[in-house]
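Let's take a friendly walk through a protein chain, starting with its overall build and then looking into its empty spaces. Have the 3D view ready to turn as you read.

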Amino acid sequence: MELRKGIAVSPGIAIARAMVIDSKDYRIPRRSIMASQRAGEIKRVRRAFADAIRELDQIQTAKRIEEGSIRDIFAVHMRFLRDKRFLKRITDYIEKELVTAEYAVSTILREIASHFEKVDDVYISERAADIYDIERRLLTHLLGKVAEEVEHLREEVVIVAHDLAPTQTASFNKTFVKGFATERGGRTSHTAIIARSLGIPAVVALEGLMSCVTAQSTVIIDGNRGLVVIDPDETTLEEYRTYARRFTEFEHELDGFRDLPAVTRDGVPITLLGNVEFPDEAEVVLQKGGQGIGLYRTEFLYLYGGTEPTEDDHYHAYSEVARLMNGKPIVIRTMDLGADKVPHTTRHPQEANPVLGLRSIRYCLQNLPLFKTQLRAILRASTLGDVRVMFPLITTMQELRQAKMILRDVMEDLDEYGVPYNAQMPVGIMIETPSSALTAGLLALESDFFSIGTNDLIQYTLAVDRGNEHVSTMYSGAEPAVLYLIRSVIHDASKAGIGLSICGEMASEPEFVMLLLGMGVRILSMAPPLIPEVKKIVCSVTIEECNLLARKVATMDSQRQIKNLLRDAASRILPVEY
């Protein structure tokens, strides 16, 4: 049995067989197999060779390669792939060492490449690059088969991977994928956000995890405490089965809050909204007792389809949500592309530091046809309910004015064609940079509402990459600098008389709920599965208690001190979480 501690990003307990997803972009760790699996792994290698040869044949035929030097490169690759001694060396390695196909391919090809690199002859040493290329091609075929297996699962598993893309996570079938654990990631990475939305227990930032998990391993994912147990003994398994039952009972208890109003004990109503990615999640918001959509992330229209979404694609997605919400508020955030959300359908420049690069509203303002297409669809959908539009990552007044000017241009286009829309549709912005937080008083003069995106606000204020496991412990919403900015934005919004909500992950973290209420927040938006838990906290406290807590926090100067105070307060209401 082995115990690993990482970062808990999605609550719950999962116990199942491990399914390991390697990546050709990272060193394949040594992973042992049983003797009975030897024939299967050798068969996989042979199939990968055959697929690679077929693929090269197709490329040569399709491109009608005539240039001699290019033909030579293909000939070198083909010669290696058809060399029976080369293939035998890999299969013998599996036979003798009892390792996975991926590890055998990677190890043998890197040995050969290393041998070439040491030769003094430049022509021969440069052939190492061809060997690495062949390794990548073979791994692509081997790992591609694993990806297909994930899509066609017929038994319960927990996924173990170096890293997972948000699109991979969103495609998991919840019936069979019971949880996941990765070596990379942070609490507010988009992969973690999707895990919470789907209700899949998850732990990330587990360095070295891949090398100690095999396909035969049973793995426990403890998404509450950030623990992963590999090959647990019978006592640990029983303890976790009991804990899982208690957690399920707790979730059922929370379901009892679904139909209760979110009102504090001293009678102050709090609005609880849901953050959604896909139209069908709107139903989950209602099932969990949400009062509307506080953040509709629309970039997933670009990330999941094979083609760029049309105006009608946008419109159908928005109108479906409007139909389901039946008059309840829906805040549609315009596309937040860039950083770790790059569409396959459009060209996006390679950037050294994409988090500070062409993303969100900056991307929209430089891709006007794409932006206008989305705005037209949002305006058309605005007649179907209480639809509002929100611009992400606004950092300056100029950006806000440019975005609103383009919105007016689109309105004029619709007027010209007689297309109906709500001319009074509220226009808000996300406050998620120190720049916008510090100038919130000015931005409030030209905005109908603010929504504080705490994930990016923390990242940019503390200069900590929220997806980087090496610095993720420095990422904390309890830092006094972050709380100062949030308090300042709340004050400016209140002074301007505009609406304000929190739609970042802080809104759903139990320890922050009382603090945010004490700071004056009355609208919280979160992953739908977490609404009942937050509602229980709201219904268990008074605003006076929250004000007192906020005043105490304002006197503290370290995040550890603040975090301990907040956890103590939350654990009295939700002991099973802690």
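This report goes from the whole chain to the hollows inside it.

**The whole chain**

Please keep in mind that this is a predicted model. The chain contains 23 helices and 16 strands. Its radius of gyration is 26 Å, close to the 25 Å that the globule rule gives for 578 residues, so the chain is as compact as a globular protein of that length. If you lay the C-alpha trace along its principal axes, it spans about 80 × 65 × 45 Å.

How much of the chain counts as buried? Of its 578 residues, 55% do. Contacts tell us about the fold as well: among those between residues at least 6 apart in sequence, 69% join residues at least 24 apart. On the outside, the accessible surface comes to about 25,500 Å², and carbon and sulfur atoms account for 50% of that area.

**Looking for empty space**

Rolling a probe the size of a water molecule over the atoms reveals where space is left empty. Two kinds of hollow are described here, beginning with the cavities.

The structure has 2 cavities of 30 Å³ or more. Which residues come closest to the centre of the largest cavity? Of the 16 residues that line it, they are Arg-333, Met-430, Glu-432, Asn-455 and Arg-466. The space in this largest cavity is about 130 Å³. At least two lining residues come from each of α8 (190–198), β10 (293–297) and α18. The biggest giver is α18, with 3 residues.

Next is the second largest pocket, with a volume of about 1,100 Å³. It is lined by 45 residues, and the closest to its centre are Ala-8, Arg-187, Glu-511, Lys-563 and Arg-567. Several elements supply at least two lining residues each: β2 (7–10), α9 (234–255), α18 (454–462), α20 (510–519) and α23 (559–571). Notice that α18 appears again: it supplies at least two residues to the lining of the second largest pocket and 3 residues to that of the largest cavity.

**The two linings side by side**

Here is how the lining residues divide by class.

| Hollow | Nonpolar | Polar | Charged |
|---|---|---|---|
| Largest cavity | 4 residues | 5 residues | 7 residues |
| Second largest pocket | 14 residues | 16 residues | 15 residues |

To follow this on screen, find α18 (454–462) and look for Asn-455, one of the residues closest to the centre of the largest cavity.

Key
Residues numbered from 1 in each chain as written. Predicted model: local features only at pLDDT ≥ 70, side-chain atom pairs only at ≥ 80, totals over all residues. Heavy atoms only, no water. 1 Å grid on protein atoms, 1.4 Å probe; cavity = no way out; pocket = protein on both sides within 12 Å on 5 of 7 lines; lining within 4 Å. Points joined across faces, edges and corners; volume = space filled by probe spheres on them. Helix = DSSP H or I, 4+ residues; strand = E, 2+ residues; numbered from the N terminus. Nonpolar A, V, L, I, M, F, W, Y, C, P; charged D, E, K, R; others polar. Rg over C-alpha atoms; globule rule 2.2 N^0.38 Å. Buried < 20%, exposed > 50% of the residue type's maximum accessible area, 1.4 Å probe, protein only. Contact = heavy atoms within 4.5 Å. Areas by Shrake-Rupley, 256 points an atom, 1.4 Å probe, with all protein chains shown as cover.
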